[in-house]
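Subject: Structure for you to look at

Hi,

Here is the structure I promised to send over. Have a look when you get a moment, and then read on for my notes.

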Amino acid sequence: MPKSDRPHLPASLNRIDALAQAIGRAIEVRGGGVRGVVALAYRAWRMAWAIGPTALLTRLRFASTMPSEAGVAICDHAFPAPLPLADVSLRIGVMVHVFYPDLAEELAIALRRMPTSFVLMVSITDADAEDHVRAVFSTVPMARDLEIVRVPNRGRDIAPLVAAFRERILALDLVAHLHTKKSLHSGGSQANWRSYLVAALFGDADRIAWQLGMFAADPRLGMIYPESHASVPLWGHTWLGNVVPAQALATRLGITVAPHAYIDMPAGSMFWARVDAIRPLLELGLRVEDFPEERGQLDGTLQHAIERLFVAVVRASGHHVGILPRSGALALSLEGERNWTTYLQASVRERIQASAFDASLVSVDIFDTLVQRPFLTPAGARRYLDRLAQRTLGVIDFMALRERAEARARHAARRDPRLDEIYAALSALDPLAPVAALQALEIETERRLLTARTATVDAVDTLHRQGKRVIALSDMYLDTATLQQVLPEEVARLPDTWRVSCETGARKDDGSAWTTLAAEGASVANWLHIGDNEHSDVQQPHWQGLLTPVHVLRPGALLDVIPGLRPLRAPASASWGEQLRLGLIANHVSAHVDIDPKAYLGGVALAPRALGFVAIGPLILDYLTWLLRSARERGTSHLLFLSREGYLLAQAYTHLAAAWPGTAPQGHYFLASRQATGIAALRSIDDLQAVLGGTFNGTLSALVEARLGTAAAERLRTHVPASLWNGELFLPEMSSDAVDMLAPALDGLLSLAAEQRASYRRYTRGLLGNGDDGSLMVADLGYAGTIQRHLGRVLERPIDGAYFALDARASSVLAGVGDAIARYHDAREGEADSLILKHDLLLESLLTAPYAQFTGFSPGTDVMPQPLYATAAPPASQWSIVAEVHAGALAFVETALAAAGPLVDELAFDPEAVQIPLDCVGRGRWQAPWLASLTVDDAFTGRGAVPAG
């Protein structure tokens with residue numbers, strides 16, 4: 001039966017199977033057999049007595065966790081349908097490394113399913129096995145050429161692929177790579193893993209034909225491999241201890257390695273590859289001798305690095321990878337799951353408590369584990385500090401100088417240098433540098449920016465209060481005294497002992513910190529470590545024999561790990577401002593994941609406040625910083641935030657203006673609507689034609705009410721026959737007819753317009769101050785710029801406009817009016833599709849004010865005329881939701897401004913990337929079911945209440 005046709009086991013049976021495997025492993029660890037069963041039963045009894053049955057069930061639930069498929073699509077790429085096998089004309093080969101001859105038959109069985117002829121290349125390390133291997137693979141019917149090569153036991157299955165068979169592979173179009181994977185060096189046979197990979201690639205003839213057909217149909221498809229086996233931990237999808245060899249190889253290949261990124265890789269090194277996609281790797285000319293001699297290495301070798309570089313090479317060559325789902329379906333995804341759901345099975349507190357049962361000593365990493373910076377990566381924090389040093393102290397290229405100084409200090413100290421040693425070296429490099437001021441700036445910046453990661457701090461504090469010894473263990477340049485100075489108080493008082501590499505000379509990542517503490521009496525059998533670095537804090541404690549460490553994902557990694565958040569990933573070159581935006585979002589999401597991780601298992605679901613923080617706050621802050629800079633360049637005195645969408649903008653601007661160094665233009669929440677400004681701008685029948693333009697479906701009376709207001713409708717009603725007044729209109733087709741019907745009442749309408757103009761002028765003078773002749777700029781979402789045009793006519797003065805987006809109508813509407821600019825989209829410049837325009841109703845509904853639509857001013861001569869509003873105000877239930885969105889948005893604005901500090905006036909985000917969260921919400925990629933209750937009043941076009949989503 002083809003794998004894709006096999007029935008799926010119920011989740012409960014999968015969980016039982018996983019639990020059985022976990023129990024089996026636990027028995028094996030304790031000696032196996034009866035002895036292991038007794039030891040495990042005794043431990044379970046002790047745990048139930050100590051922590052209670054509920055906590056014990058929680059432990060069992062962790063043990064039986066099975067990785068699941070993501071609840072959302074990872075990408076939008078549509079792979080073409082495969083070509084029939086008869087149409088596939090590719091030169092095909094399969095390369096098999098047989099280190100364990102007893103498994104040759106197993107792989108030969110898989111290759112007998114090949115539905116087309118192919119070249120078969122087999123490598124062996126044992127000369128005595130050649131006859132057996134040849135006999136086994138000679139039975140593969142479609143293998144038209146069998147070559148067996150003996151290779152040294154170096155580089156495992158990778159060296160034969162890229163070295164021994166390089167020339168033969170370069171003569172092919174496609175190559176599959178298989179091997180007799182046991183991985184005994186990892187502590188046990190990986191039969192399940194091997195079987196899974198082989199079945200996914202060679203499970204039956206139809207499956208193989210489908211994959212070959214996909215390569216034939218899509219010339220850009222460079223590699224196909226199965227989703228990672230369930231046994232591969234999430235943290236295994238990183239570079240781990242392979243950064244150095246991977247970077248060396250990447251330099252030769254002309255690609256870059258992001259050391260801390262979560263990556264896609266064919267875990268287990270079995271795949272199909274288009275030869276052109278891996279050609280750069282093959283053409284490096286690597287020799288088998290370049291690989292290390294086999295010593296059971298667990299990581300850090302050339303072969304381990306290449307396994308993690310395959311996908312990077314494929315993508316850098318202009319191809320993409322196709323990843324087969326674990327379900328067995330014949331489908332491909334551009335990105336892998338990476339077993340991400342395993343991390344979200346329990347909160348940070350639950351995982352720490354469950355893992356600490358046997359611990360008397362708890363060591364914990366500091367940065368990204370107990371505290372976090374507001375930047376996505378350390379590189380973002382460095383770019384910020386570099387600019388801060390230039391701006392406040394006049395030091396150019398500070399970070400480059402500091403890096404040189406740190407390298408010199410490290411060489412002199414033969415260990416990680418302390419901060420004072422780094423600055424002493426800096427002084428020697430540049431005697432004129434303000435060393436004391438730079439050091440003080442760095443310390444004060446750390447103190448200002450660092451915040452506690454509350455969930456981890458609280459969980460570790462609980463262990464501390466239970467009597468467990470807590471050690472802060474970190475590889476870094478800040479000594480204990482400086483750490484206690486810059487860390488938040490609740491973190492600084494947490495550890496009993498501090499072990500920092502710049503003081504001890506021992507590091508976690510090279511293993512010396514663990515062995516040093518063990519030599520001082522720390523028992524690895526009762527030692528739990530908690531940290532975020534996959535190599536230093538997870539892999540190394542595993543190697544050292546500690547209790548299973550608790551991996552606490554650094555906030556920035558969530559954008560790599562959770563599929564729904566992956567659209568937010570930024571290039572390594574992102575500015576400090578963009579790193580700040582994403583860092584704050586990552587920290588915000590992390591705080592939720594730490595406490596309630598399962599909320600993200602089905603995709604990204606945002607409550608109103610979270611949506612405000614993640615999507616709306618960054619968007620409006622980016623717009624406002626751009627607006628303020630633009631206004632200052634133009635010498636603008638007053639910014640008019642047009643109602644109703646300007647309600648939140650005006651509040652956020654108040655925070656921005658207060659934080660801005662120097663004088664900022666005054667900001668005002670300005671009452672305006674197309675209806676109110678349209679009637680006030682009327683001076684002739686031609687103006688009436690313009691006001692009645694655009695789309696509308698409804699009666700003439702409804703049109704007048706929507707476009708000119710209640711007062712105008714009252715004056716016009718008696719001048720228009722009832723048959724016309726209540727007749728149906730369809731604009732723009734009948735716009736001329738509508739003007740003709742209203743022409744007899746034009747004088748009365750113009751009289752009302754004059755009254756409204758006078759009121760608007762009094763209102764504006766009262767708002768801005770009598771006699772103020774400063775320049776004005778309206779700030780609005782935009783689209784056509786109609787209100788800007790109307791206000792210029794009403795106030796009889798030039799008015800500029802600054803918008804989120806302008807559509808194609810703006811070219812005619814704003815012709816001859818004041819200047820107009822747009823931050824995200826300006827159709828007058830021929831730009832492509834706009835996300836702002838695509839999600840305009842959603843954005844309007846989330847920015848709206850808690851008031852009904854402004855319709856004009858009441859009659860009279862008051863200095864400050866009384867505003868009039870439409871009778872239909874937003875429902876209280878709807879406004880309570882919007883108010884939460886606003887609170888989240890303002891929280892982001894305040895947090896970002898505080899973090900930017902003296903550089904607020906340089907704060908800017910990527911204008912394209914900052915729209916992505918809005919698009920994720922608008923397209924339903926992120927879930928926000930409460931949006932269904934929001935509507936936008938669109939009486940202007942006759943549609944009434946329009947759903948926002």
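By buried I mean under 20% relative accessible area. On that cut-off, 56% of the 949 residues of the protein chain count as buried. Keep in mind that this is a predicted model.

First, the overall picture. The protein chain has 39 helices and 25 strands, and its C-alpha atoms fill a box of roughly 110 × 70 × 60 Å along the principal axes. Among contacts between residues at least 6 apart in sequence, 77% join residues at least 24 apart. I also checked for disulfides, and the count comes to zero. Two of the cysteines are buried: Cys502 has 0% relative accessibility and Cys920 has a relative accessible area of 2%.

Now for strand 15, where I spent some time. Strand 15 covers residues 638-642, and five of its five residues are buried. In a regular strand the side chains alternate between the two faces of the sheet. Here His638, Leu640 and Leu642 point one way, while Leu639 and Phe641 point the other way, and all are buried.

What does strand 15 pair with? Strand 16 (residues 666-670) runs parallel to strand 15 and is joined to it by five bridges, with Leu640 opposite His668. Strand 19 (residues 776-783) is parallel to strand 15 too, through four bridges, and there Leu639 stands opposite Met777.

Strand 15, helix 26 and strand 16 together make a right-handed β-α-β unit. On the way from the strand to the helix there is something to look at: the peptide bond from Ser643 to Arg644 is cis, with omega near 0°. Arg644 lies in the loop between strand 15 and helix 26. Most residues other than glycine have a negative phi, and most peptide bonds are trans.

Helix 26 itself has 14 residues, which at 1.5 Å a residue should span 20 Å; its end C-alpha atoms are 20 Å apart, so the two agree. Its buried residues are Gly646, Tyr647, Leu648, Leu649, Ala650, Ala652, Tyr653 and Leu656. Among the elements that cover them are strand 15, strand 16, helix 25 (608-634) and helix 38. Helix 38 (residues 876-900) passes the length check as well: its 25 residues should span 36 Å, and the end C-alpha atoms are 36 Å apart. Helix 38 is followed by Gly901, which has a positive phi near 55°.

Next, an open sheet of five strands. Its order is 12-11-8-13-14, with parallel pairing. Strand 12 (497-500) and strand 14 (550-551) are the edge strands, each pairing on one side only. Strand 11 (residues 469-474) is held to strand 12 by four bridges, and the bridge partner of Leu473 in strand 12 is Arg499. Helix 21 (residues 512-519) has Ser512, Ala513, Trp514 and Leu517 buried. These pack against strands 8, 11, 12 and 13 and against helix 22 (534-544). Just after helix 21, Gly521 takes a positive phi of about 115°.

His179 deserves a click too. His179 is in strand 4 (residues 174-179), and it counts as buried because its relative accessibility is 8%. Leaving out residues up to four places away in sequence, His179 touches His97, Leu107, Asp157, Arg194, Gly268, Ser269 and Met270. A polar atom of the His179 side chain lies 2.6 Å from the backbone oxygen of Gly268. His179 and Val98 are 81 residues apart in sequence, yet their C-alpha atoms are 5.8 Å apart.

Last, two residues other than glycine with a positive phi:

- Arg156 has phi near 50°. Arg156 lies in the loop between strand 3 (143-150) and helix 5 (158-164), and is buried at a relative accessible area of 15%.
- Asn339 has phi near 55°. Asn339 lies in the loop between strand 7 (320-324) and helix 12 (348-355), and is buried at a relative accessible area of 1%.

If you open one view, I'd pick the loop with the cis bond from Ser643 to Arg644.

Cheers

Terms used:
Residues numbered from 1 in each chain as written. Predicted model: local features only at pLDDT ≥ 70, side-chain atom pairs only at ≥ 80, totals over all residues. Heavy atoms only, no water. Buried < 20%, exposed > 50% of the residue type's maximum accessible area, 1.4 Å probe, protein only. Pairing = 2+ DSSP bridges. Right-handed = clockwise from strand over helix to strand, strands pointing away. Expected span 1.5 Å × (residues − 1). Disulfide = S-S within 2.5 Å. Contact = heavy atoms within 4.5 Å. Polar contact = N/O pair within 3.5 Å; in protein donor to acceptor, adjacent residues only side chain to side chain.
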